[in-house]
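Biologist: Could you walk me through the empty spaces and the aromatic rings in this protein? I'd like the reasoning along with the answers.

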Amino acid sequence: MKRWMFVAFVLGLFATHAATALDGQDVLRRVRRAYDRVNSFQAEFDQTFIWKLAGSEQQMTGRFLMAKPNRFRVQTDVQTVVTDGRTVWSYSPATRQVILNDYDPATMPLRPDNFLLQFPDENHVTYVGEQRLDGRKAHVLDVLPRDETLGITSARVWVDADSWMARKVTYVSVNEDTTVYVLRDVQLNAAIPDTAFSFRTPAGVDVVDFRASASR
């Protein structure tokens with residue numbers, strides 16, 4: 001009798017594990033449900049860009065802010081990109097130039113908050129396993145692009161097991177260059193002032209306006 005009780009116990013453990021085991025599709029669904037509940041997102045980030053051909057890398061830090069539906073700000077020492085959902089400002093301190101464009105979701109770069117919404121081919125999402133990221137449990141996914149025109153061949157994403165938001169993204173370009181984003185100090189649904197999603201042009205900076213209204 002004890003033997004059969006032990007066997008039943010072991011089988012029960014396997015059944016529980018099978019019922020709770022995750023796959024790539026499960027994680028993707030949970031990420032999207034979590035994102036639906038988020039109205040604003042802000043974080044500090046570390047970015048590393050590795051040039052395959054040159055054998056060199058560039059590191060920088062920055063800040064990312066987002067408020068639904070279409071407002072965001074990405075700010076580093078190299079560039080600031082801001083949109084209020086109508087106009088996009090791209091400012092480069094090195095060139096002392098601001099470029100204005102009409103907001104178009106199709107031409108916007110992939111963002112760390114919605115990478116798993118916009119990037120992956122849902123038929124090519126692979127669950128790699130669990131890892132620790134900054135002391136927190138994360139689910140790791142390998143994903144392939146839904147659109148070859150994105151210029152990315154593959155990506156790996158670390159998803160926080162509590163918030164179900166992406167905390168780290170590594171992707172490889174068609175030129176075999178690698179970009180790594182690591183998010184820090186993530187805040188969800190915090191109040192962000194409207195002024196964060198507008199841009200005041202510094203004095204002495206050239207403005208290049210490519211908006212449709214500018215050509216009329």
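Here are some questions and answers on cavities and rings in this predicted model.

Biologist: How many cavities of 30 Å³ or more turn up in the whole structure?

Modeller: Rolling a probe the size of a water molecule over the atoms shows where empty space is left. The largest cavity holds about 40 Å³, and the second largest is also put at about 40 Å³. Searching the whole structure with that 30 Å³ floor gives a count of two.

Biologist: Which charged residue is in the lining of the largest cavity?

Modeller: That lining divides into six nonpolar residues, no polar ones and one charged. Its members are Leu110, Pro112, Phe115, Val169, Tyr171, Tyr181 and Arg111. Asp, Glu, Lys and Arg are what count as charged, so the one you want is Arg111.

Biologist: Is Trp51 buried, partly exposed or exposed?

Modeller: Phe49 and Trp51 pair up edge-to-face, with 4.5 Å centre to centre and 75° between the planes. Buried needs under 20% relative accessible area and exposed needs over 50%. Trp51 has 35% relative accessibility, so it counts as partly exposed.

Biologist: How many residues apart are Tyr91 and Phe199?

Modeller: These two form a tilted aromatic pair, 5.4 Å centre to centre with 45° between the planes, and both are buried. Tyr91 belongs to strand 5, while Phe199 is in the loop between strand 11 and strand 12. The pair therefore links distant parts of the chain, and the separation is 108 residues.

Terms used: Residues are numbered from 1 along each chain as its sequence is written. This is a predicted model: local features need pLDDT of at least 70, side-chain atom pairs count only at pLDDT 80 or more; totals for chains, interfaces and linings use all residues. Side-chain values use heavy atoms; hydrogens and water are left out. On a 1 Å grid over the protein atoms alone, a cavity is a set of points where a 1.4 Å probe fits but cannot get out, and a pocket is an open set with protein on both sides within 12 Å along at least five of seven lines; lining residues have an atom within 4 Å of a point. Grid points are joined across faces, edges and corners, and a volume is the space filled by probe spheres set on the points. Rings of Phe, Tyr and Trp (its six-membered ring) pair if their centres lie within 6.5 Å; planes under 30 degrees apart count as stacked, over 60 as edge-to-face and the rest as tilted. Buried means under 20% relative accessible area, exposed over 50%, partly exposed in between (1.4 Å probe, protein chains only). Helices (H or I, at least four residues) and strands (E, at least two) are DSSP runs, numbered from the N terminus.
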